[in-house]
2 protein chains.
Amino acid sequence: MVTTKDIAAHLQLSVSTVGRALADDARISEQTKVRVRQAASELGYVGNRAARMMRGASSNVVGLVIPDVRNSFYSTIAHELSAIMAGEEYQLMLAETFDDRLIERRHLRELSASHAAGVVIAPTPNPHGDSVNLLRGMPHVQLLRRHASLGGQWFGLDDQRALQDATAHLLELGHTRIAYIGASEDLPTGRERLEGYTQALLADGIPPASDLVELGPPASPEHAKEAIRRLLNHPTPPTAVVLGSVQHTVGLLDAALEIGIEVPSELSVVGFGDQSGFSWWGPGLTTISLPIGDVATSCGLWFIRRLNNPPAGNDPYESVSAGWLVPRGSTAAPRAESRKRSA
Amino acid sequence: MVTTKDIAAHLQLSVSTVGRALADDARISEQTKVRVRQAASELGYVGNRAARMMRGASSNVVGLVIPDVRNSFYSTIAHELSAIMAGEEYQLMLAETFDDRLIERRHLRELSASHAAGVVIAPTPNPHGDSVNLLRGMPHVQLLRRHASLGGQWFGLDDQRALQDATAHLLELGHTRIAYIGASEDLPTGRERLEGYTQALLADGIPPASDLVELGPPASPEHAKEAIRRLLNHPTPPTAVVLGSVQHTVGLLDAALEIGIEVPSELSVVGFGDQSGFSWWGPGLTTISLPIGDVATSCGLWFIRRLNNPPAGNDPYESVSAGWLVPRGSTAAPRAESRKRSA
DNA sequence: CTGAAAGCGCTAACAC
DNA sequence: GTGTTAGCGCTTTCAG
């Protein structure tokens with residue numbers, strides 16, 4: 001291992017001069033700087049981060065704290081951030097929480113103990129008080145999900161508008177009994193999405209019916225499977241359903257094939273997010289496509305800049321990206337019989 | 001930050017005694033150890049890893065070097081490893097190579113410079129000499145892919161058998177003109193898979209035809225799209241196709257819908273791997289399901305054990321897991337006309 | 001059994 | 001402009 005000492009000996013200089021030259025200190029002559037830099041690259045000098053960290057510097061590690069990387073939303077995010085970080089000499093630490101606030105806390109402790117340069121986090125529904133404190137001590141930004149206690153820096157989606165558009169699409173087709181299966185309200189995104197669904201109905205003068213709303217854990221396809229069974233056993237079943245999470249969409253698509261629901265004649269379906277395979281399903285899934293990759297990229301670039309030149313204050317910053325409806329075959333006007341029945 | 005010095009002061013001991021007690025040194029009395037341990041936990045002492053690293057210790061970081069985490073194979077692996085590592089006080093560093101050996105080298109340099117505890121790697125087709133040397137200096141294990149120069153520790157799939165089984169399934173149905181679209185031969189897994197395909201044909205007395213084999217970059221769905229067009233424009237087109245990579249499978253499924261290929265009547269298809277959505281596609285995709293999660297788990301557990309008690313030698317260790325055929329609707333006997341034509 | 005002291009590589013105060 | 005020195009928290013001689 002080549003150290004500053006080696007360079008100093010090689011050039012008959014003191015370690016401090018070498019250190020200063022490498023740090024581009026104003027007090028060092030240009031000539032010396034050049035000599036030092038050259039010697040450093042010749043000898044293959046690589047700064048010892050452990051030593052720097054002992055002097056209070058932070059590491060080049062950025063933590064990515066997310067529920068589950070198998071979810072295509074989060075693997076896309078991991079990919080985009082990893083690519084950006086690698087280009088900027090940062091390393092990405094992967095930390096999965098499974099929506100468990102204690103696991104989340106453990107990861108944040110670990111990141112804090114290792115003097116992480118920063119944290120990008122999609123928080124659990126209700127982060128632990130310790131987690132809030134730990135994050136206060138590290139530069140961080142929230143992604144997709146947000147929790148007021150974790151500060152005002154956030155990059156996310158317009159969740160309300162996404163569901164509003166999805167629901168409006170079904171209303172335009174003539175549906176009136178529209179069900180919603182989505183993430184529970186303890187998640188901020190869950191609240192927003194439910195609100196979008198509700199608002200769209202109200203805008204059309206349709207009172208939201210609580211027996212058409214099925215909320216559950218966002219990471220569970222099973223919830224959607226059970227929910228759709230319940231909904232279809234209803235005396236006057238819905239003629240359409242809107243999904244409020246990727247995993248619920250996956251669950252519903254599986255269930256529809258298992259049960260043998262006829263889409264769109266028996267039931268129209270609007271999915272959430274657009275991943276490989278949604279276009280293959282049955283007549284093609286009409287869905288809300290969301291620019292996850294772009295959100296992650298913006299977030300990554302913004303965060304890097306912040307890490308490289310830390311701002312004095314901690315001004316809130318929000319970025320909201322909108323999705324768009326991708327019409328495919330899974331939505332159609334309700335059958336006459338259904339319309340009559342629901343009238 | 002609580003240090004050993006603080007504990008020493010608190011207990012009227014020297015730092016060395018505290019350090020030794022925490023390291024469970026034999027020379028320290030049991031009583032002192034107990035006192036020290038108690039004080040440590042009371043004061044909330046957390047060892048400073050930077051300081052330890054300066055003394056030559058390695059970090060608790062395990063690098064995961066893979067082509068692209070958006071690929072479901074690799075996101076599954078990232079997930080399983082991350083879960084195992086978190087439980088053992090290790091942290092998982094995500095490093096994507098995009099099958100570029102220079103990016104791979106950069107990641108390995110970074111991991112080496114940060115004294116990573118170890119590396120789990122799915123190597124690029126032909127790793128750089130520097131990468132080989134860097135890995136020699138770190139505990140490591142190869143996953144899925146293997147390269148002889150990177151040592152004999154490897155966890156992977158029985159690639160040859162997977163393709164042999166897939167091809168045999170089509171032969172049993174009566175196909176004789178069976179095409180193969182898969183990863184290029186510079187990838188060890190690519191060679192194995194092609195070999196499996198070839199062997200199955202030979203076992204049935206059918207000479208492999210080079211114009212039915214389409215090799216290309218494994219991460220590119222586009223390659224499969226172009227390949228299937230070429231194959232179908234053939235004067236005597238194949239009646240069936242076997243895929244030799246997940247991305248090629250995705251590409252082919254997309255292309256089949258775009259072009260409007262009738263599956264299985266016009267073309268039988270056997271996919272590679274089984275991910276969410278494959279069962280939705282058309283009549284359901286017959287495919288080779290592969291136990292990626294299990295392979296990753298075994299690999300993770302084995303590697304952790306190795307990190308915790310490093311063995312004297314570096315004996316080779318190989319673990320091969322087999323996949324299995326999942327028959328669905330995308331394969332059927334060839335049409336009489338096809339059979340006649342190819343006869 | 002325990003303590004004192006040195007040193008890992010780097011940076012920052014303090015000289016000149 | 002450059003050199004000297006001290007110290008970050010820990011482990012590890014070397015003394016007792």
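These are my notebook entries on a predicted model with chains A and B.

**Entry 1. How the chains are related**

I superposed chain B on chain A and got an RMSD of 0.2 Å. The operation is a turn of 180° with a shift of 0.1 Å along the axis. I noted this as the relation of a two-fold axis.

I then looked up which residues each copy uses in the interface. Of the interface residues of chain B, 100% are also interface residues in chain A, so the copies meet through the same surface.

**Entry 2. The interface between B and A**

The size of an interface is often given as the accessible area lost when the parts come together. I looked that area up for chain B and chain A and found about 3400 Å² buried. Carbon and sulfur atoms give 62% of that area. Which residues of chain B lose the most area to chain A? I found His79(B), Gln91(B) and Trp280(B), which together make up 22% of what that side buries. By contacts, 42 residues of chain B touch 42 residues of chain A.

**Entry 3. Salt bridges**

Side chains of opposite charge can pair when their charged atoms come close. How many salt bridges are there between chain B and chain A? I counted 2. Across the chains, Glu110(A) and Arg49(B) pair through their side chains, with 3.5 Å from N to O.

Over all chains the count comes to 32 salt bridges. Within chain A, I looked at the pair of Arg37(A) and Asp24(A), at 4.0 Å from N to O. Arg37(A) sits in helix α3, residues 30–43, while Asp24(A) is in the loop between α2 and α3. The two are 13 residues apart, and the pair links distant parts of the chain.

**Entry 4. Helices α5 and α12 in chain A**

I checked how α5(A), residues 72–87, packs on α12(A), residues 292–308. Their axes come within 9 Å and cross at roughly 35°. The crossing is right-handed. On the α5(A) side the contact residues include Phe73(A), Ile77(A), Leu81(A) and Met85(A). On the α12(A) side they include Ile292(A), Ala296(A), Gly300(A) and Ile304(A). I sorted the residues of this contact into 9 nonpolar, 4 polar and 1 charged.

**Entry 5. Helices α8 and α9 in chain B**

In chain B I took α8(B), residues 159–172, and α9(B), residues 188–203. The axes come within 7 Å and cross at roughly 35°. Is the crossing left-handed or right-handed? I recorded α8(B) and α9(B) as right-handed. Among the residues of α8(B) in the contact are Asp159(B), Leu163(B), Thr167(B) and Leu171(B). The α9(B) residues they meet include Glu192(B), Arg193(B), Tyr197(B) and Ala200(B). The residues of this contact divide into 6 nonpolar, 6 polar and 4 charged.

**Entry 6. Backbone exceptions**

Most residues other than glycine have a negative phi, and most peptide bonds are trans. I looked for departures from both.

In chain A, the peptide bond from Val263(A) to Pro264(A) is cis, with omega near 5°. Pro264(A) lies in the loop between α11 and β9. In chain B, the bond from Val263(B) to Pro264(B) is likewise cis, with omega near 5°. Pro264(B) is in the loop between α11 and β9 of chain B.

For phi, I noted Glu89(B), which has a positive value near 65° although Glu89(B) is a residue other than glycine. Where is Glu89(B)? I found it in the loop between α5 and β2 of chain B.

Notes: Residues numbered from 1 in each chain as written. Chains lettered and ligands numbered in written order. Predicted model: local features only at pLDDT ≥ 70, side-chain atom pairs only at ≥ 80, totals over all residues. Heavy atoms only, no water. Least-squares fit on C-alpha atoms with pLDDT ≥ 70 in both. Contact = heavy atoms within 4.5 Å. Axes fitted to C-alpha atoms, helices over the stretch in contact; angles between N-to-C directions. Helix = DSSP H or I, 4+ residues; strand = E, 2+ residues; numbered from the N terminus. Left-handed = near helix turned anticlockwise from the far one by under 90°. Nonpolar A, V, L, I, M, F, W, Y, C, P; charged D, E, K, R; others polar. Buried area = accessible area lost by both parts, 1.4 Å probe.
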